[in-house]
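Morning, everyone. I'd like to walk you through one structure. Please have a look at it first.

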Amino acid sequence: MGSAVPAFHAPVWQSMTPLPQSIVENVPLSVVNGRLESLGFSALLVTDAGGQPVGTISRTDLLREGRAHALKAGSPLLLRLTEGCARDAMTREVVRVDAGAPLAEAARRMAGAHIHRVFVEDHD
């Protein structure tokens, strides 16, 4: 018998994507969109000017913003990003989990917040 750890008991750090990408909250939405596309990511951590996390922005947030803008403009079939910035469209909550926590804890937090990503912290 090996010493395999059941999947949901394994620590989060074993399954995380290292070095999450971030963007400053005052960056235009067009830049956010370009960054997501170039990285092939579905979300970015949003930070204030001092580098502190203040939210997350995802492709879904951009779609929601584009849809709202299209409806206001009277063209619901044409999605366009507004001239806003990341802070205007971001989700203001950053769901976090400790790197040593079991995957089951990360799953509970994601299910509880109805999201599909958490940010992993290692102390700071």
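**A hairpin and two pockets**

Let's start with a hairpin. Strands S2 and S3 form it, with five residues between them, and there Gly51 takes a positive phi near 90 degrees. Keep in mind that this is a predicted model.

How do S2 and S3 run? They run antiparallel, and five bridges join them. Take one residue pair as an example: Ala43 has Ser58 in S3 as its bridge partner.

Now the pockets. The largest has a volume of about 780 Å³. Its lining counts 28 residues, and the closest to the centre are Thr17, Pro20, Val118, Phe119 and Val120. Which elements give two or more residues to that lining? Strand S2 (43-47), helix H4 (103-113) and strand S5 (119-121). So much for position; next, class. The lining has 17 nonpolar residues, six polar and five charged.

On to the second largest pocket. About 330 Å³ of space lies there. It is lined by 15 residues, and Thr56, Thr91, His114, Ile115 and Arg117 are the closest to its centre. Two or more lining residues come from each of strand S3 (53-58) and helix H2 (59-73). Which element gives the largest share? That is H2, with three residues. By class, this lining has five nonpolar, six polar and four charged residues.

One last link back to the hairpin. S2 gives two or more residues to the lining of the largest pocket. Its partner in the hairpin, S3, gives two or more to the lining of the second largest pocket.

That's my tour. Over to you.

Note on methods: Residues numbered from 1 in each chain as written. Predicted model: local features only at pLDDT ≥ 70, side-chain atom pairs only at ≥ 80, totals over all residues. Heavy atoms only, no water. 1 Å grid on protein atoms, 1.4 Å probe; cavity = no way out; pocket = protein on both sides within 12 Å on 5 of 7 lines; lining within 4 Å. Points joined across faces, edges and corners; volume = space filled by probe spheres on them. Helix = DSSP H or I, 4+ residues; strand = E, 2+ residues; numbered from the N terminus. Nonpolar A, V, L, I, M, F, W, Y, C, P; charged D, E, K, R; others polar. Pairing = 2+ DSSP bridges.
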